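Hi,

Here is the structure I promised to pass on. Have a look at it first, then read my notes below.

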Amino acid sequence: MAQKKSESVLAVEEKMIPTAEEPKNEDLFVDTLWNQYEQSLVRTRQMRESREDAYMNALREVIKFNKQYRKSLGNLFEQTKKTNKEVVSGLMQQMNARREELMKDEERVEAEMLNEREELKQQLKEVSQQLENLALTPVKSIFQIIDQLEDNFEKSTEANIAYGRERRNAWQQVTNEYVKMARSTHNEIVNRGKNSVKELLKVK
């Protein structure tokens with residue numbers, strides 16, 4: 001009878017003691033939990049770097065577009081300057097043709113007109129050159145300043161992103177070590193809990 005009681009107690013204890021599969025399930029749960037956490041960290045880092053890369057690409061495209069736009073404005077200005085020269089040249093030709101006609105008709109009047117026309121021609125050239133210089137100088141200066149500002153902004157943004165990534169990579173190593181330690185500690189706590197339960201069941 002006593003032997004049957006001890007066999008039944010052993011049978012009850014065997015039922016209460018966890019099987020070999022349970023620790024595997026618990027270990028699997030802990031590993032899965034920490035694997036998911038590490039994967040979410042990696043995904044977050046990748047998304048942040050993707051956003052930074054997209055921002056830099058957009059910034060470069062905007063700067064490239066602005067430079068092309070300014071270049072086209074410069075070309076338009078050059079075309080206008082060329083047209084103005086052609087207009088001035090046409091006026092000069094008309095004045096020369098008129099002068100020749102006047103020379104045939106009245107030499108005295110023509111001599112006076114010739115002097116006036118030469119002066120007018122010279123003044124017209126000077127005014128045209130001064131207008132071109134006045135118009136071109138601020139435009140070139142503004143374009144150079146804008147180019148420098150955009151180039152400096154692009155370089156500083158690129159440097160800031162690189163510095164931020166270096167800093168994050170340094171902290172990433174620390175974070176990875178903390179995650180490893182936390183995972184190990186979690187596994188130890190689970191194993192101690194299981195061992196404590198086993199010891200309690202054995203005592204009973």
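**What I found**

Let me start with E150, which sits in helix 3. This is a predicted model, so a word on confidence comes a bit further down.

E150 counts as buried, because its relative accessibility is 13%. Which residues does E150 touch, once its neighbours within four places in sequence are set aside? Its contacts are I63, N66, K67 and R70.

K67 is worth picking out of that set. This lysine belongs to helix 2, and its C-alpha atom is 9.4 Å from that of E150, although the two positions lie 83 residues apart along the chain. Seen from its own side, K67 is in contact with D147, E150 and D151, again leaving out residues up to four places away in sequence. Is K67 buried or exposed? In fact K67 counts as partly exposed, because its relative accessibility is 33%.

**How far to trust it**

Mean pLDDT for the protein is 76, and 77% of the residues get to 70 or more. Helix 2 comes out highest, with a mean of 80, while helix 1 (residues 2-16) is lowest, with a mean of 48. For residues 9-23 the pLDDT is below 50, and that stretch makes eight contacts in the model beyond near neighbours in sequence. Please keep that in mind when you look at that end of the chain.

**Salt bridges**

How many salt bridges does a search of the whole structure find? The count is eleven. I'll go through a few of them.

- R165 and E52 form one through their side chains, at 2.8 Å from N to O. R165 is in helix 3 and E52 in helix 2, 113 residues apart, so to speak a link between distant parts of the chain. Both of these residues are buried.
- R168 also pairs with E52, with an N to O distance of 3.0 Å. R168 is in helix 3 and E52 in helix 2, so this pair ties together parts that are 116 residues apart in sequence. The two partners differ in burial: R168 counts as partly exposed at 22% relative accessibility, whereas E52 counts as buried at 14%.
- E158 and R60 meet in a salt bridge too, at 2.8 Å from N to O. Here E158 belongs to helix 3 and R60 to helix 2, and 98 residues separate them along the chain. E158 is partly exposed, with a relative accessible area of 36%, and R60 is partly exposed as well, at 31%.

The bridges around E52 are part of something wider: E52, D53, R165 and R168 are linked in a network of salt bridges.

**The pocket**

Last item: the largest pocket has a volume of about 150 Å³. Which residues line it? They are L41, T44, R45, R48, E49, R168, N169, W171, Q172 and T175. The elements giving two or more residues to this lining are helix 2 (21-105) and helix 3 (107-203). By class, the lining has two nonpolar, four polar and four charged residues.

You'll notice R168 turning up again: R168 is one of the lining residues, and it also belongs to the salt-bridge network with E52, D53 and R165.

Have a look through when you get a moment.

Cheers

Key:
Residues are numbered from 1 along each chain as its sequence is written. Side-chain values use heavy atoms; hydrogens and water are left out. On a 1 Å grid over the protein atoms alone, a cavity is a set of points where a 1.4 Å probe fits but cannot get out, and a pocket is an open set with protein on both sides within 12 Å along at least five of seven lines; lining residues have an atom within 4 Å of a point. Grid points are joined across faces, edges and corners, and a volume is the space filled by probe spheres set on the points. Helices (H or I, at least four residues) and strands (E, at least two) are DSSP runs, numbered from the N terminus. Ala, Val, Leu, Ile, Met, Phe, Trp, Tyr, Cys and Pro count as nonpolar, Asp, Glu, Lys and Arg as charged, and the others, Gly among them, as polar. Buried means under 20% relative accessible area, exposed over 50%, partly exposed in between (1.4 Å probe, protein chains only). Contact means heavy atoms within 4.5 Å. pLDDT is the predictor's confidence in each residue, from 0 to 100. A salt bridge is a side-chain nitrogen of Lys or Arg within 4 Å of a carboxyl oxygen of Asp or Glu.
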